[in-house]
Amino acid sequence: LTEWISKAAKPRDLEDLCATKKTIALVTIFKRAITESEDQPHFDQSVLPSMTRLMESLLKKSGISSTAVNESQSAFERLLKQARSTYLLHQQPDDAGYFAER
């Protein structure tokens, strides 16, 4: 997807992808990246950089300046990390309920 965005996507294609009116593909990609990564090291070393590159490609192709892209990338990376942490936190058993079941 990142390669398609960088090399072939037209402005209208990007608008459709980001607006999620015709397809929820982009939302699905981000959701799966956050929720389906096997383990944290895999997420940190593979998934996170890939998602950051994807966002970078979208922003650059949209005509956003390099400075703004870099700033957005940092914020986006923090956002993905926080979303992943929140997801993992909610996957942990509820301590009170867990101990009550024992």
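Which residues in helix 4 meet which residues in helix 5? In this predicted model, Q40, F43, L48, M51, T52, M55, E56, L59 and K60 in helix 4 meet V69, S72, Q73, F76, E77, L80, K81, R84 and L88 in helix 5. Helix 4 also has helix 3 as a partner, with their axes coming within 10 Å. An aromatic pair links helix 3 to helix 5, and a few single residues round off the tour below.

**Helix 4 with helix 5**

- Helix 4 covers residues 40-61, and helix 5 covers residues 66-91.
- The axes of these two helices come within 10 Å of each other and cross at roughly 140 degrees.
- Helix 4 and helix 5 are therefore oblique to each other; an angle has to be over 145 degrees to count as roughly antiparallel.
- The handedness of this crossing is right-handed.
- Sorted by class, the residues that helix 4 and helix 5 bring to their contact are nine nonpolar, four polar and five charged.

**Helix 3 with helix 4**

- Helix 3 spans residues 25-35, and its axis comes within 10 Å of the axis of helix 4, with a crossing angle of roughly 160 degrees.
- That angle makes helix 3 roughly antiparallel to helix 4, since the cut-off for this label is over 145 degrees.
- Helix 3 passes helix 4 in a left-handed crossing.
- On the helix 3 side, the contact is formed by L26, I29, F30, A33 and I34.
- Their partners in helix 4 are F43, V47, M51, L54, M55 and L58.
- This contact of helix 3 with helix 4 comprises eleven nonpolar residues, with no polar and no charged ones.

**The aromatic pair**

- The structure holds one aromatic pair.
- The ring centres of F30 and F76 are 5.4 Å apart and their planes stand at 70 degrees, so the pair is edge-to-face.
- The pair links distant parts of the chain, with F30 in helix 3 and F76 in helix 5, 46 residues apart.
- F30 and F76 are both buried.
- Each ring also belongs to a helix contact: F30 is among the helix 3 residues that meet helix 4, and F76 is among the helix 5 residues that meet helix 4.

**Two buried residues of helix 4**

- L59 sits in helix 4 and is buried, with a relative accessible area of 15%.
- Beyond its neighbours within four places in sequence, L59 is in contact with I64, V69 and S72; V69 and S72 are among the helix 5 residues that meet helix 4.
- The C-alpha atoms of L59 and P11 are 11 Å apart, although 48 residues separate them along the chain.
- S57 is placed in helix 4 as well, and its relative accessibility of 10% makes it count as buried.
- With neighbours within four places in sequence left aside, S57 is in contact with T2, I5 and S6.

**D13 in helix 2**

- D13 is found in helix 2, which runs over residues 11-19.
- Is D13 buried or partly exposed? At 29% relative accessibility, D13 counts as partly exposed, because the buried class ends under 20%.
- Not counting residues up to four places away in sequence, D13 touches W4 and A8.
- D13 and L59 are 46 residues apart along the chain, and their C-alpha atoms are separated by 13 Å.

Definitions and conventions: Residues are numbered from 1 along each chain as its sequence is written. This is a predicted model: local features need pLDDT of at least 70, side-chain atom pairs count only at pLDDT 80 or more; totals for chains, interfaces and linings use all residues. Side-chain values use heavy atoms; hydrogens and water are left out. Rings of Phe, Tyr and Trp (its six-membered ring) pair if their centres lie within 6.5 Å; planes under 30 degrees apart count as stacked, over 60 as edge-to-face and the rest as tilted. Helices (H or I, at least four residues) and strands (E, at least two) are DSSP runs, numbered from the N terminus. Buried means under 20% relative accessible area, exposed over 50%, partly exposed in between (1.4 Å probe, protein chains only). Axes are lines fitted to C-alpha atoms, for helices over the stretch in contact, and angles run from 0 to 180 degrees between N-to-C directions. Angles under 35 degrees count as roughly parallel, over 145 as roughly antiparallel, 65 to 115 as roughly perpendicular and the rest as oblique. A crossing is left-handed if the near helix is turned anticlockwise from the far one by less than a right angle, and right-handed if clockwise. Contact means heavy atoms within 4.5 Å. Ala, Val, Leu, Ile, Met, Phe, Trp, Tyr, Cys and Pro count as nonpolar, Asp, Glu, Lys and Arg as charged, and the others, Gly among them, as polar.
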